[in-house]
Amino acid sequence: MKKALIVWGGWDGHEPEQIADIFAGILRENRFDVEVSGTLEAYADAEKLLGLDLIVPVWTMGEISKEQAANVSAAVQNGTGLAGCHGGMCDSFRNNVDWQFMTGGQWVAHPGNDGVHYKVEIRPGSSPLTEGIEDFFVDTEQYYLHVDPAVEVLATTRFPVVDGPHRLNKSVDMPVVWTKRWGVGRVYYNSLGHHADVVELPPVKELMTRGLLWAAEGKRRALELQAAGALSAAGAGAYTGMGDSQ
């Protein structure tokens, strides 16, 4: 049985406990052993994190210690998946650039605030994670993020929709959903999820379900690489470069 850790907290406006409950339900329905924690001390046990298949952060605008962030990073580098949404993952710790490097982006603005009507456009054929999901509209915050150019973008939204100082720039297609690698670990992010009701929207919940399961499956791949001699027991630092196309 796969093991997952969900850590929620930070700013209550993002309804972290409710969203953690949704994610826990998804994972339990898919036969995960799920631990839900309301403290960042859950990241203090480095060995425990290394043994997980998945870490799901649901924490906004907090402060994480260097040790806690390093423990999560080391686990992901060695195959533990990391998956989350909205400010619960990419506005978690504004003062920790290591966290931002690992997750692939950082929130900087949401012009128009909550209730903006905008389109989420699925990148056609970009990934089996989006197969069969069509473009859809939402009424929620439209996240403008600073994004790692190494990510694989699976869905986007067009800016500008509302007026603001960014309007005179050219139109941009801002990533909404992406994946990336951190060591041999899989990282998945979806910028939707301001409130629990947004996560419950059918296309959003389906995207999150696929992302959570995909990220967790990376642990199996890491173990296969280790068994094949491509990854030493010392971890991703000893990765020999065998491809991971799965």
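**Figure 1. Helices contributing to the lining of the largest pocket.** In this predicted model, helix 3 (66–77) and helix 5 (97–103) each supply at least two residues of the lining of the largest pocket. Helix 3 accounts for the largest share of that lining, namely four residues. The volume of the largest pocket is about 210 Å³.

**Figure 2. Residues around the largest pocket.** The lining is formed by Gly62, Glu63, Ile64, Lys66, Ala69, Ala70, Ser73, Phe93, Asn95, Asn96, Val97 and Asp98. Sorted by class, five of the lining residues are nonpolar, four are polar and three are charged. Among the residues that line the pocket are Ala69 and Asn96, which are shown together in the next view.

**Figure 3. Close-up of Ala69 in helix 3.** Ala69, one of the residues lining the largest pocket, has a relative accessible area of 6% and is therefore buried, the limit for this class being under 20%. Leaving out residues up to four places away in sequence, Ala69 touches Ile64 and Asn96. Both of these partners also belong to the lining of the largest pocket. Ala69 and Asn96 lie 27 residues apart along the chain, and their C-alpha atoms are separated by 8.3 Å.

**Figure 4. Close-up of Asn71 in helix 3.** The relative accessible area of Asn71 is 10%, so this residue too is buried under the 20% limit. When neighbours within four places in sequence are set aside, Asn71 is in contact with Tyr43, Ala44, Asp45, Ala46 and Leu49. Helix 3, which holds Asn71, also holds Ala69.

**Figure 5. The largest cavity and the elements that line it.** The count of cavities of 30 Å³ or more comes to one. The largest cavity has a volume of about 50 Å³. Helix 1 (16–29), strand 3 (54–60) and helix 4 (86–90) each provide at least two residues of its lining. Of the contributing elements, helix 4 gives the most, with three residues.

**Figure 6. Residues around the largest cavity.** The cavity is lined by Gly9, Trp11, His14, Pro16, Ile19, Val58, Thr60, Cys85, His86, Gly87, Gly88 and Gly193. This lining comprises five nonpolar and seven polar residues, with no charged residues. In the lining of the largest pocket, by contrast, three residues are charged.

**Figure 7. The chain as the setting for the close-up views.** Seven helices and eleven strands make up the secondary-structure elements of the chain. The radius of gyration is 17 Å, close to the 18 Å given by the globule rule for 246 residues, so the chain is as compact as a globular protein of that length. Taken along the principal axes, the C-alpha atoms fill a box of roughly 55 × 35 × 35 Å.

**Figure 8. Burial, contacts and surface of the chain.** Of the 246 residues in the chain, 52% are buried; Ala69 and Asn71 are among the buried residues. Where contacts join residues at least 6 apart in sequence, 72% of them link residues at least 24 apart. The accessible surface of the chain amounts to about 11,000 Å², and carbon and sulfur atoms account for 50% of that area.

How values were computed:
Residues are numbered from 1 along each chain as its sequence is written. This is a predicted model: local features need pLDDT of at least 70, side-chain atom pairs count only at pLDDT 80 or more; totals for chains, interfaces and linings use all residues. Side-chain values use heavy atoms; hydrogens and water are left out. On a 1 Å grid over the protein atoms alone, a cavity is a set of points where a 1.4 Å probe fits but cannot get out, and a pocket is an open set with protein on both sides within 12 Å along at least five of seven lines; lining residues have an atom within 4 Å of a point. Grid points are joined across faces, edges and corners, and a volume is the space filled by probe spheres set on the points. Ala, Val, Leu, Ile, Met, Phe, Trp, Tyr, Cys and Pro count as nonpolar, Asp, Glu, Lys and Arg as charged, and the others, Gly among them, as polar. Buried means under 20% relative accessible area, exposed over 50%, partly exposed in between (1.4 Å probe, protein chains only). Contact means heavy atoms within 4.5 Å. The radius of gyration is taken over C-alpha atoms; the globule rule is 2.2 Å times the number of residues to the power 0.38. Accessible areas come from the Shrake-Rupley method with a 1.4 Å probe; for residues, only the protein chains shown count as cover.
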